[in-house]
Amino acid sequence: MDPNNNDFINTDHSDNNHIILSAEKMEPMDETTAYMELIRENIDYDIMMSRTQWSDRDMYEELYQLICDVVCVPRKTIRIGGEDYPYNLVKGKFLKLNSSHLEYVIGCMKKNTTKVSNIRAYLITALYNAPNTISNYYTAEVNHDMYGSY
């Protein structure tokens, strides 16, 4: 057999069933619906909303809607804490948020006593920073509760 003879190889791949994963090929409404469902799953929306006697339901819903707005409405940049960040960076971070991050933001909002003039911008910044600050925040809380009350 001649190794250079490739007559037996079928190089026509037109009969393959290719799955298109690109968002460019998706209809805008389908893409939005897919992102909203992904966000719902990531933040355990249905589980959280099924809690009886939960007083933070409205705040959780607002954060869900805000995350969907940030993720589903493309733009060049998004302002976070007075700085412009690339949309794809912010979108990526928001798609990684989970229920712990939202509960953390809600808890911080409940403790906030300062006037917030632009609540939307404040919440977007809080959500963006939540994954980077949640661990240190709870560590500081534990340290205060255990050692700071003397």
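In this predicted model, Asp56 is buried, its relative accessible area of 12% falling under the 20% that bounds the buried class. The residue forms a salt bridge with Lys110, in which the closest N and O atoms are 2.6 Å apart. Because Asp56 lies in the loop between α2 and α3 whereas Lys110 belongs to helix α5 (residues 99–111), the pair ties together parts that are 54 residues apart in sequence.

This contact is one of five salt bridges held by the structure. Among them is the pair of Arg120 and Asp69, whose side chains meet with an N to O distance of 2.1 Å. This pair likewise links distant parts of the chain, given that Arg120 is in helix α6 and Asp69 is in helix α3, 51 residues apart. Both partners retain some accessibility: Arg120 is partly exposed, with a relative accessible area of 35%, and Asp69 also counts as partly exposed, at 28% relative accessibility. A further salt bridge is formed by the side chains of Asp46 and Arg40, with an N to O distance of 2.6 Å, and in this case Arg40 counts as partly exposed at 24% relative accessibility.

Aromatic contacts were examined next, and a search of the whole structure finds three aromatic pairs. One of these joins Tyr45 and Tyr64 in a tilted arrangement, with 4.8 Å from centre to centre and 45 degrees between the planes. Since Tyr45 lies in helix α2 and Tyr64 in helix α3, the pair ties together parts that are 19 residues apart in sequence. Both of these tyrosines, Tyr45 and Tyr64, are buried. Another aromatic pair, made by Trp54 and Tyr60, is edge-to-face, the ring centres being 5.2 Å apart and the planes standing at 65 degrees to each other. Trp54 and Tyr60 are buried as well. The ring of Trp54 takes part in a second kind of contact, in that the charged end of Arg51 sits over this ring at 5.2 Å from its centre.

A comparable placement of a charge is found at Lys93, whose charged end sits over the ring of Tyr128, 4.1 Å from the centre of that ring. Lys93 is part of helix α4 (residues 87–94), where it is buried together with Tyr87, Val90, Lys91 and Phe94. These five residues cover an arc of only 165 degrees around the axis, and they are therefore placed on the same side of α4. The general background is that an α-helix has 3.6 residues a turn, so residues three or four places apart point the same way.

Two loop residues stand out by their backbone geometry. Most residues other than glycine have a negative phi. Asp44, although not a glycine, has a positive phi of about 55 degrees, and its place is in the loop between α1 (28–42) and α2 (45–49). At 31% relative accessibility, Asp44 counts as partly exposed. The other case is Gln53, a residue other than glycine whose phi has a positive value near 60 degrees. Gln53 is placed in the loop between α2 and α3 (57–72), and at 80% relative accessibility it counts as exposed. The loop between α2 and α3 thus holds Gln53 as well as Asp56, the partner of Lys110 described above.

At the surface, Val142, Met146 and Tyr147 make a nonpolar patch of about 320 Å². Val142 is found in helix α6, which covers residues 119–147, and is partly exposed, with a relative accessible area of 43%. Helix α6 is also the element that contains Arg120, the partner of Asp69 in helix α3.

Finally, a spatial relation between separate parts of the chain was considered for Ala34, which is located in helix α1 and counts as partly exposed at 39% relative accessibility. The C-alpha atoms of Ala34 and Cys72 are separated by 9.7 Å, while the two residues are 38 residues apart along the chain.

Methods:
Residues are numbered from 1 along each chain as its sequence is written. This is a predicted model: local features need pLDDT of at least 70, side-chain atom pairs count only at pLDDT 80 or more; totals for chains, interfaces and linings use all residues. Side-chain values use heavy atoms; hydrogens and water are left out. Buried means under 20% relative accessible area, exposed over 50%, partly exposed in between (1.4 Å probe, protein chains only). Helices (H or I, at least four residues) and strands (E, at least two) are DSSP runs, numbered from the N terminus. The arc is that of the directions from the helix axis to the C-beta atoms. Patches are made of residues with over 30% relative accessible area and no salt bridge: like charges are joined within 9 Å, nonpolar side chains (Val, Leu, Ile, Met, Phe, Trp, Tyr) within 5 Å. Accessible areas come from the Shrake-Rupley method with a 1.4 Å probe; for residues, only the protein chains shown count as cover. A salt bridge is a side-chain nitrogen of Lys or Arg within 4 Å of a carboxyl oxygen of Asp or Glu. Rings of Phe, Tyr and Trp (its six-membered ring) pair if their centres lie within 6.5 Å; planes under 30 degrees apart count as stacked, over 60 as edge-to-face and the rest as tilted. A charge sits over a ring if NZ of Lys or CZ of Arg is within 6 Å of the ring centre and within 35 degrees of the ring normal.
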